[in-house]
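Open the model in your viewer and keep the selection panel at hand. The tour moves from one selection to the next.

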Amino acid sequence: MSCYNGNVGTRTAEDIRTYTRLWQLAHPERVKAIKRKYRLTHKEQTAQEWRVYYQANKEHLKAKASAYKKAHLQATAKSKRKYNAANPERVSEWKKADYQRNREVRIATVRRYASTHKAEISEAHRIYKQQRKADPDVRAKNAIHSSTRRARKLSLPATFTDDQWKAVKKVYNYRCAYCGAKPKRLDQEHVIPLAKGGSHTVENIVPSCPICNSRKGTRILLGPPPVRLML
Ligand SMILES: [Zn+2]
């Protein structure tokens, strides 16, 4: 053994590299396991190394990824859906950034569409009017989405859903929370208006008749509704 140890000192750096390469070729599984362990215990370094590598091989990696996507359309779509469901905030950030980047182009596209599809658009309006006649709630359903958009724009919590709206109306026995009237159409009333920093969440929404709703507007003059149920 002493003979072996003595030899270590006489090895050149090149010898060691050759030996290491041979050992790696002979033990692919061990190499994999060691690399995996390294990645897990050196997450920050690994990420940094990857960033450097990515920058140096950007075009090649991009081409490779897009070829893979084309060859595995279904798998890619599935993993995209999974990722989007798990990272809603990141997705919404991306969408916002994307919208800002392409804002002018999008507006121009919408304008062009409007000028060349007048008949379709007036038909859509006609259908919407009919729907509103048949189901006064269509307006509220649409309001949910526009309030959600507005709240998100103001960076306010916005988690109110169609199902919650149904539940809220039921809890209030389909009556206005302010005056107790039972109108054909109930509006979603933000107890603290979005404009005053109220959230678009179930705790901040009560049903209101159109009259009370328009009286209140964005003021908090009416104060909390007389009928305030804790949901
Ligand atoms: Zn009312």
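Select Asn173 first. This is a predicted model, and in it Asn173 has 10 C-beta neighbours inside 10 Å, so Asn173 counts as exposed. Asn173 sits in the loop between α11 (162-171) and β1. Now check its backbone. Phi of Asn173 is near 55°, a positive value in a residue that is not glycine. Most residues other than glycine have a negative phi.

Step on to Tyr174. Is Tyr174 buried or exposed? With 11 C-beta neighbours inside 10 Å, Tyr174 counts as exposed, because the cut-off for that class is 12 or fewer. Tyr174 also lies in the loop between α11 and β1. Its phi is positive too, at about 60°, although Tyr174 is not a glycine.

**Back into α11**

Select Val171. This residue belongs to helix α11. Val171 has 15 C-beta neighbours inside 10 Å and therefore counts as partly exposed. Now add Pro207 and draw a C-alpha to C-alpha distance. Val171 and Pro207 are 36 residues apart in sequence, and the distance in space is 9.7 Å.

**The strand pair**

Select residues 187-190, which form strand β1. Both faces of β1 are covered. Asp187 and Glu189 are buried on one side. Gln188 and His190 are buried on the other. In a regular strand the side chains alternate between the two faces of the sheet.

Add residues 205-208, strand β2. How many bridges join β1 to β2? There are 4, and the two strands run antiparallel. Trace two of the pairings. Gln188 has Pro207 of β2 as its bridge partner. Glu189 stands opposite Val206 in β2.

Look at the two sides of β2 as well. Ile205 and Pro207 are buried on one side. Val206 and Ser208 are buried on the other, so both faces of β2 are covered.

Centre on Val206, a residue of strand β2. Val206 has 26 C-beta neighbours inside 10 Å and so counts as buried. Next, add Val191. The C-alpha atoms of Val206 and Val191 are separated by 7.0 Å, with their positions 15 residues apart along the chain.

**The nonpolar core**

Keep Val206 and Val191 selected; both belong to the largest nonpolar core, which has 12 residues. Add the aromatic members Phe160, Trp165, Tyr172 and Tyr178. Then add Cys176, Ala177, Leu186, Ile205, Cys209 and Cys212 to complete the set.

Stay with Cys209. Which residues does Cys209 touch, not counting those up to four places away in sequence? They are Cys176, Cys179, Ala181, Pro183 and Leu186.

**Two bare helices**

Move to residues 28-41, helix α3. At 1.5 Å a residue, its 14 residues should span 20 Å, and the end C-alpha atoms are 20 Å apart, which agrees. Colour α3 by burial. The helix is hardly covered: its count of buried residues is 0.

Go on to residues 73-86, helix α6. Its 14 residues reach 20 Å from the first C-alpha to the last, close to the 20 Å expected. α6 is hardly covered, and the count of buried residues among its 14 residues is 0.

**Zoom out**

Show the whole chain. The protein chain has 12 helices and 2 strands. Read along the sequence, the pattern is α-α-α-α-α-α-α-α-α-α-α-β-β-α. What share of the 231 residues is buried? Buried residues make up 10%. Turn on contacts last. Among those between residues at least 6 apart in sequence, 60% join residues at least 24 apart.

Methods:
Residues are numbered from 1 along each chain as its sequence is written. This is a predicted model: local features need pLDDT of at least 70, side-chain atom pairs count only at pLDDT 80 or more; totals for chains, interfaces and linings use all residues. A residue is buried if 20 or more other C-beta atoms lie within 10 Å of its own, exposed if 12 or fewer, and partly exposed in between; C-beta atoms are placed from the backbone. Two residues are in contact if their C-beta atoms, placed from the backbone, lie within 7 Å. The expected span of a helix is 1.5 Å times one less than its number of residues. Two strands pair if DSSP finds at least two bridges between them. A nonpolar core is a set of buried Ala, Val, Leu, Ile, Met, Phe, Trp, Tyr and Cys residues joined through C-beta atoms within 7 Å.
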